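Below is a short report on one protein chain. It moves from an annotated loop to the sheet, the cores and a long-range contact.

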Amino acid sequence: MSERDLTDPEYYLNRELSELAFQERVLREGMDDRNLPLERLRFLAFFTKNTDEFFMKRVGGLKQQIDAGVTRTTPDGRTPKEQWVEVLDTARPLFAQQSAYWQSVLKPTLADEGIEICTPEELSGEDQEQLRTHFEESILPTLTPLAFDPAHPFPFISNLSLSLAVLSSNGSDEPTFTRIKIPPNQPRFISVSGEADRYVLIEDLIERNLDLLLPDLDIRDVSKFKVTRNAEVRRNEEVAEDLVDMVEEVIEQRRFATVVRLEVDADMPDGSLAILKDQLGVDDREVFHREGPIDFEDFFELIDIDRPDLKPPAWSPKPHPRLGPVTSDTGDEMRGIFDEIKNGDILAHHPYHSFEGTVQRFLNAAATDPNVLAVKAAIYRTASDSKVIQSLINAADNGKQVAVMVELKARFDEKNNLEWVRQLEEEGIHVAYGTVGLKTHTKTALVVRQEDDGVQLYSHVGTGNYHSGTAKGYSDLGLLTADRDIGFDLTKVFNFFTGPTLDDRFRKLLIAPVTMRERFTEMVRREADHARAGRRARIVVKINGLEDPSMVEELYRASTAGVEIDLIVRDICRLRPGIEGLSENITVHSIVGRFLEHARIFYFENGGSPEWYIGSADWMTRNLDYRVEAVTPVEDTRLREQLRFILEASLTDNRRRWVMRSDGTYEPVSSGDEPVRDIQEILMSATEAALDRGYGPGMVVDTDLIEEALLVEDVTEAEADARSEASDEAPANPDEKQAHSDGGDVSVFDAYPDRWYHPDSETYDWAVRTADGERRYFKTREGARDRLQTEYE
């Protein structure tokens, strides 16, 4: 280990290519026939939405660096130019696969099921006439043809707009280029009259009826195109006179930013393409030729078709069993939530638990309870019709002291957040806009309440935004607690938003950028020390991204010390698992399902004294150093059991889980002959079972799905000694003898030779056949031995 240079680029994957690998996994779900047709279409639409943002943010940033002459390499050894070239080359076949799958598989499949996307030419003459009338009356008045010729400058092309490029002639040899923007306020799918679920695309309808828009012209060609612009537009905060003015300027500049991608019809003629390339300033690499439709994001419109047979059963978030359903009564029921939190911490898991019945209820109660003195909240993103904001306004109207931190620099939500800032300020609420040099990414709220025994602090620390919409589609966790130490820590954080400095002394919370990196580093190193000393050592982390090179280096060191590490990383991951002598004890998993995995969970075994955390931060440099983040310990044993269930069920998922190879590619985990285990389906069932059971924890933990017992409580001294002795005496292979539970010297593996085997798996080395005929898989010999003893002794 001492001979390895852990800064060597070969040990690090590229951030941009890793994110594209995640988008490929999303695309694969859209091409997986195990998913119902409309669910596949939803993933194809998400792939477009995600890659649009990727090009705006990441490719835009690379192009900015190239234009600025930056040649500094990333940890994986690539310059901005090299990354840009590889990203474009990697993305190109993915777009081609999306188009090909739609054209050759999914479109015909939907047609067979009665959902047809037709061209006007495929319709009867009567249907074409009906659509022509609709076009003339409802669409034509909204269109504005913009010609490009000596009398007209080239028109501005807005970001992500879909357009038609028309080459026409009025008898002259030189054709005129005209741009027609597809109106975004019109439906993309136009129903064919009298026929359910039969549509034409609006761009095809416009093309078919161009003679009404451009009469008396010879139409030589009509092609579709779409422009993607850079969203990485920044202004120096240090010299900005006013943060609101700065954000408004950034929004305006983004409209006219550099073009980073041009998508065009596969058969667009050279003349139209040359004009677009020249006027938009793009080169050949940035041009993507598309077969079939351009822009699948609008295909989300089709998902709402009333065809339950073509999509998974709808999921409605459930009430938390300790809080019950929300009713119209806002009196004792609302105030009772504080008594319930005081009786013990509550763990809400969205979208399994209702946002309205947990977090929104907490804020509503704070607004109406006469004993509440103050309410504070940090808003990064929220819905355009946010009930969260209305609760804060109601709290102010009811005489509470209200302070709100609204992050104006939340990308793509700047305009929405500006509007909320203005409304809050009009209500007389004190609003902080953000911090110079930092983004505020915490998902936290604090309620100060006068009670008989003094002032009590109630806190919410979550992994997701205060957004009722995304809470239905993002998997997130939130802790509601009356822990006084956490409340005092949050008080310091909220004081920082309006005060001059951020305190670096906290009782329980890990706060970035002051303590979080240091504490996480200490915990990883502590696991390595435990492993070297022969004590229990394990790390399981569930995050969205692992990009920070220093954290990767710490994990490599822990792995070489013998720490078993499972990383459930949704998308970006720089770490290379499975490198002999370096990361062979690390497994990287990724889960892609109907809900976006967004929760962050951190488990450290700590020699038998486990620590559990949840919070807003990923292991990305931006989260650890350039954002205000909050991660909270979870100390209640019942809540730790729920977190353990989430992690362990995730690690045994054989439907939505992918495992990374050392080269950064991913392999889907197959169920084979085993029953299908879909983590999100499992958690939905566990939530429903908890609701059926009645008052109690938020999920019924299925112990049959827990294969490797992560600790929720401290191991007692006697247990630790027994495990240590067993470990010392354990043979190196199953043919050696060990102390058996009946006092003999026969190995449990020898005693039950037909109950275990070595599976053909890159992830698990041991498999046990259980008494009920199932199979359980383990990475370690100790785990298999314990299961054999549990099952058969």
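## Annotated positions

Arg381 sits in the loop that links strand S11 (372-379) to helix H12 (387-397). The model is predicted. In the unreviewed UniProt entry, Arg381 and Arg411 are listed under "binding site". Arg381 counts as partly exposed, because its relative accessibility is 23% and the buried class ends under 20%.

The unreviewed UniProt entry also carries the annotation "active site", which covers His441. His441 belongs to the loop between strand S14 (439-440) and strand S15 (444-451). Is His441 buried or exposed? His441 has 7% relative accessibility, so this residue counts as buried. Residues up to four places away in sequence aside, His441 touches Tyr380, Arg600, Ser616, Asn623, Arg627, Val628 and Glu629.

## The chain as a whole

The chain has 793 residues, and 56% of them are buried. Its secondary structure comes to 22 helices and 30 strands. Take the contacts with a separation of 6 or more: residues 24 or more positions apart account for 71% of them.

## A six-stranded sheet

One open sheet is built from 6 strands. Their order is S2-S4-S3-S7-S8-S9, with mixed pairing. Strand S2 (145-148) and strand S9 (287-290) are the edges, each pairing on one side only. From one strand to the next, the twist averages 30 degrees.

In general, strands of a sheet pair through backbone hydrogen bonds, either parallel or antiparallel. Strand S8 (residues 259-265) and S9 run parallel and are joined by 4 bridges. One pairing can be followed residue by residue: Glu263 has Phe288 in S9 as its bridge partner.

Two helices meet this sheet, and the table sets them side by side.

| Helix | Strands touched or crossed | Angle to S8 |
|---|---|---|
| H2 (residues 37-67) | S7 (218-229), S8, S9 | about 140 degrees |
| H8 (residues 270-280) | S2, S3 (162-169), S4 (176-181), S7, S8, S9 | about 170 degrees |

H2 packs on the sheet through contacts with S7, S8 and S9. H8 lies across S2, S3, S4, S7, S8 and S9.

## Nonpolar cores

The largest nonpolar core holds 83 residues. Which of its residues touch the most other members? They are Phe520, Leu546, Leu555, Leu567, Leu575 and Trp619. Helix H3 (residues 80-112) gives this core its largest share, 11 residues. Domain 1 (9-310) and domain 3 (539-619 + 633-719) each supply at least three residues to this core.

Another core lies apart from the largest one. This other core has 55 residues, including Leu446, Phe494, Val540 and Met699.

## Asp76: a link across the sequence

Asp76 is in the loop between H2 and H3. With a relative accessible area of 8%, Asp76 is buried, because a residue under 20% falls in that class. Which residues does Asp76 contact, leaving aside its neighbours within four places in sequence? They are Pro9, Tyr12, Leu13, Asn14, Arg15 and Arg574.

Arg574 deserves a second look. Asp76 and Arg574 are 498 residues apart along the chain. Their C-alpha atoms are separated by 8.4 Å.

How values were computed: Residues numbered from 1 in each chain as written. Predicted model: local features only at pLDDT ≥ 70, side-chain atom pairs only at ≥ 80, totals over all residues. Heavy atoms only, no water. Pairing = 2+ DSSP bridges. Helix = DSSP H or I, 4+ residues; strand = E, 2+ residues; numbered from the N terminus. Axes fitted to C-alpha atoms, helices over the stretch in contact; angles between N-to-C directions. Contact = heavy atoms within 4.5 Å. UniProt positions renumbered as here; feature names shortened; annotations may be inferred. Buried < 20%, exposed > 50% of the residue type's maximum accessible area, 1.4 Å probe, protein only. Core = buried A, V, L, I, M, F, W, Y, C linked by side-chain atoms within 4.5 Å. Domains from an automatic or database assignment.
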